[in-house]
Amino acid sequence: MHLHHPLPRAPRINPSILAADFVNMQRDLAKIASADFAHVDVMDNHFVPNLTFGPQMVERIQATSPVPLDVHLMITDPDRWAPGYAELGAASVTFHLEAAADPVALARTLRGIGARAGVAIKPGTAGESLYDIIDEFDQILVMTVEPGFGGQGFMTETMPKLRGLADEAKRRGSDVWLQVDGGVSDSTIEIAAAAGADTFVAGSAVYGADDVEAAVIRLRDLARAASLES
């Protein structure tokens, strides 16, 4: 049975627990109670050259987290594996367009289970590939780094693609969330918000701060100011 939290209003800050201390995960999850979601990166060492955690760990994080989970599957064959994460109770499950055999069918399956359906695209994937199916998704994740590694620099060259998706969503009357992930910090969140993002994954910018809660609030305020100006 899913717990339906009221949907947080934009801008949303989703700290990446990839930047947390895995041995003290419960402590580090408690620190992000002021965030909107906990962003959980599942990597399979196949779709991306890195390995993180699977369903058992996600289930424990789900049981411990003070905020809903935003699961990002950087895995091969999400058509097979993604529904299991929705069944665990994750509020949102995002798979990669490049990895899915039938993204529309998978999104419908995820929604049918009760999760928000998200689709992610790598920096080299065109945003136009999603225009005709935008209504099938609750969230589009525009990767602002190459997926698979933390600590990379924010790729500003992905911003025209984000702006194109934001304009297309507006044109179609879609309320899809537009998320960015990779290199999001105090200095880059305003660029992404001005280009149309409303949901922001931040790793080291949150967990590397002396005061984690203050970092979440500051990022949200910066994003809000930039989106109002754009």
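A residue counts as buried when its relative accessible area is under 20%. In this predicted model, five of the five residues of strand E7 meet that cut-off, so E7 is largely enclosed by the rest of the structure. Both faces of the strand are covered. Trp 177, Gln 179 and Asp 181 lie on one side, and Leu 178 and Val 180 lie on the other. In a regular strand, side chains alternate between the two faces of the sheet.

Strand E7 has partners on either side in the sheet order, E6 and E8. Strand E6 covers residues 139–143, and E7 covers residues 177–181. The two strands run parallel and are joined by five bridges. Within this pair, Ile 140 stands opposite Leu 178 of E7. E7 and E8 also pair in the parallel sense, over three bridges. Here Asp 181 has Val 201 in E8 as its bridge partner. Helix H6 belongs to the connection: E7, H6 and E8 make a right-handed β-α-β unit.

These strands belong to an open sheet of eight strands. The order is E1-E8-E7-E6-E5-E4-E3-E2, and the pairing is parallel. The edges are formed by strand E1 (12–15) and strand E2 (38–43), each of which pairs on one side only. On average, neighbouring strands are turned by 25 degrees against each other, direction ignored. Strands of a sheet pair through backbone hydrogen bonds, in either the parallel or the antiparallel sense.

Helices pack against this sheet. Helix H2 (residues 55–64) touches E2 and strand E3 (69–74). The direction of H2 makes about 165 degrees with that of E3. Helix H8 (residues 212–229) lies across E1 and strand E8 (199–202). H8 runs at about 140 degrees to E1.

Charged side chains were examined next. Side chains of opposite charge can pair when their charged atoms come close. The structure holds 13 salt bridges. In one of them, the side chains of Asp 198 and Arg 12 meet at 3.1 Å, N to O. Asp 198 lies in the loop between helix H6 (189–194) and E8, while Arg 12 lies in strand E1, so the pair ties together parts that are 186 residues apart in sequence. Both residues, Asp 198 and Arg 12, are buried.

Helix H5 (residues 159–172) holds the pair Asp 167 and Arg 163, four residues apart, or about one turn of the helix. The closest N and O atoms of this salt bridge are 3.2 Å apart. Asp 167 has 41% relative accessibility and so counts as partly exposed. Arg 163 is also partly exposed, with a relative accessible area of 30%.

Another salt bridge in H5 links Arg 171 with Glu 168, three residues apart and again about one turn of the helix. Their closest N and O atoms are 2.8 Å apart. The two partners differ in accessibility. Arg 171 is exposed, at 61% relative accessibility, whereas Glu 168 is buried, with a relative accessible area of 9%. Salt bridges can also share partners: Asp 21, Arg 27, Asp 28 and Lys 31 are joined in this way into one network.

Methods
Residues are numbered from 1 along each chain as its sequence is written. This is a predicted model: local features need pLDDT of at least 70, side-chain atom pairs count only at pLDDT 80 or more; totals for chains, interfaces and linings use all residues. Side-chain values use heavy atoms; hydrogens and water are left out. Two strands pair if DSSP finds at least two bridges between them. Axes are lines fitted to C-alpha atoms, for helices over the stretch in contact, and angles run from 0 to 180 degrees between N-to-C directions. Contact means heavy atoms within 4.5 Å. A salt bridge is a side-chain nitrogen of Lys or Arg within 4 Å of a carboxyl oxygen of Asp or Glu. Buried means under 20% relative accessible area, exposed over 50%, partly exposed in between (1.4 Å probe, protein chains only). A crossover is right-handed if, with the strands pointing away from the viewer, the path from the first strand over the helix to the second runs clockwise.
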